[in-house]
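Biologist: I've got this model open on my screen and I'd like to walk through it with you. Can I throw some questions at you, one at a time?

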Amino acid sequence: MATLAVDKQRVFELDDISTSEIPAIATDIIYNGAAVGESSSTGTGRPLVAGDNFLGFCIERCDNSAGAASAKNIKVRDKGVVKLSVTSVSSTADVGDTVYASDDDTFTKASTSNSAIGKIVRWITGTTCLVAFEATYKRSI
């Protein structure tokens, strides 16, 4: 799958809504709906790359394509429940399994080199399920 090139509306369950703002990486666009990761070299947010610390889902496009690092902030939902298509999910037997991201719009149960984002809390149909997610910095030790 490819990284997002346009905004993508995500469906969130209305529960304990938690948002934050993360400084954006230089010269990039983070699209609405993108999973956001932390660049290990700069500490700024970017479209998630496998292995990044997960920071949440972008809830408003952040165009920092002409800006320096931290010139703009990415608005993220850093905790909640989101409807996603997750590779390798097929039934209610997957409930409780960890979900990983390999880029800002690709979700899987495969952990290899990917970023953990949350757990499956409900299977809907096919590969579609609800995932309880939490930014790495919000997780308990």
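Biologist: Let's begin with a glycine. In which loop is Gly 96 found?

Modeller: Keep in mind that this is a predicted model. As for Gly 96, the place to look is the loop between β7 and β8.

Biologist: Is Gly 96 buried, partly exposed or exposed?

Modeller: Buried would need a relative accessible area under 20%, and exposed would need one over 50%. Gly 96 comes out at 39%, so the label is partly exposed.

Biologist: Which residues is Gly 96 in contact with, leaving aside its neighbours within four places in sequence?

Modeller: Don't look towards Gln 9 for this one: the C-alpha atoms of Gly 96 and Gln 9 are separated by 25 Å, and the two are 87 residues apart along the chain. With the sequence neighbours within four places set aside, the contacts of Gly 96 are Lys 119 and Ile 120.

Biologist: Moving on to charges. How many salt bridges are there?

Modeller: In general, side chains of opposite charge can pair when their charged atoms come close. The cut-off used here is a Lys or Arg side-chain nitrogen within 4 Å of a carboxyl oxygen of Asp or Glu. By that rule the count is nine.

Biologist: Asp 94 sits in the loop between β7 and β8. Which residue does the side chain of Asp 94 meet in a salt bridge?

Modeller: Asp 94 is buried, because its relative accessible area is 7%. Its partner is in the loop between β9 (106-108) and β10 (115-125), so the pair ties together parts that are 15 residues apart in sequence. The N to O distance is 2.5 Å, and the partner is Lys 109.

Biologist: And how far apart are the closest N and O atoms of Asp 97 and Lys 109?

Modeller: Asp 97 lies in the loop between β7 and β8 and Lys 109 in the loop between β9 and β10, so this salt bridge ties together parts 12 residues apart in sequence. Both count as partly exposed, Asp 97 with a relative accessible area of 27% and Lys 109 at 25%. Their closest N and O atoms are 2.8 Å apart.

Biologist: Lys 79 also has a salt bridge. Which residue is at the other end?

Modeller: This pair links distant parts of the chain, with Lys 79 in strand β7 (residues 73-87) and its partner in strand β11 (residues 128-134), 55 residues apart. Lys 79 is partly exposed at 31% relative accessible area, and the partner is partly exposed too, at 24%. The N to O distance is 3.9 Å, and the residue is Glu 134.

Biologist: Now the pockets. What is the volume of the largest pocket?

Modeller: Rolling a probe the size of a water molecule over the atoms shows where empty space is left. The largest pocket has 13 lining residues, and those closest to its centre are Lys 8, Arg 10, Ser 85, Asp 105 and Phe 107. Three of these names, Lys 8, Arg 10 and Asp 105, are also linked in a network of salt bridges. The volume of the pocket is about 180 Å³.

Biologist: Which element gives the most residues to the lining of that pocket?

Modeller: The lining is mixed: five nonpolar, four polar and four charged residues. Two elements, β7 and β9, give two or more residues to it. With five residues, the one that gives the most is β7.

Biologist: How many residues does the largest nonpolar core have?

Modeller: In soluble globular proteins, nonpolar side chains tend to be buried together. Here, the residues with the most contacts inside the largest core are Phe 57, Leu 84, Val 86, Phe 107, Ile 117 and Val 131. The elements giving two or more residues to this core are β5 (53-60), β7, β8, β10 and β11. The core has 16 residues.

Biologist: One on backbone angles to finish. What is the phi of Ser 113?

Modeller: Most residues other than glycine have a negative phi. Ser 113, in the loop between β9 and β10, goes the other way with a positive phi. Ser 113 counts as exposed because its relative accessibility is 61%. The phi of Ser 113 is about 60 degrees.

Terms used
Residues are numbered from 1 along each chain as its sequence is written. This is a predicted model: local features need pLDDT of at least 70, side-chain atom pairs count only at pLDDT 80 or more; totals for chains, interfaces and linings use all residues. Side-chain values use heavy atoms; hydrogens and water are left out. Helices (H or I, at least four residues) and strands (E, at least two) are DSSP runs, numbered from the N terminus. Buried means under 20% relative accessible area, exposed over 50%, partly exposed in between (1.4 Å probe, protein chains only). On a 1 Å grid over the protein atoms alone, a cavity is a set of points where a 1.4 Å probe fits but cannot get out, and a pocket is an open set with protein on both sides within 12 Å along at least five of seven lines; lining residues have an atom within 4 Å of a point. Grid points are joined across faces, edges and corners, and a volume is the space filled by probe spheres set on the points. Ala, Val, Leu, Ile, Met, Phe, Trp, Tyr, Cys and Pro count as nonpolar, Asp, Glu, Lys and Arg as charged, and the others, Gly among them, as polar. A nonpolar core is a set of buried Ala, Val, Leu, Ile, Met, Phe, Trp, Tyr and Cys residues joined through side-chain atoms within 4.5 Å. Contact means heavy atoms within 4.5 Å.
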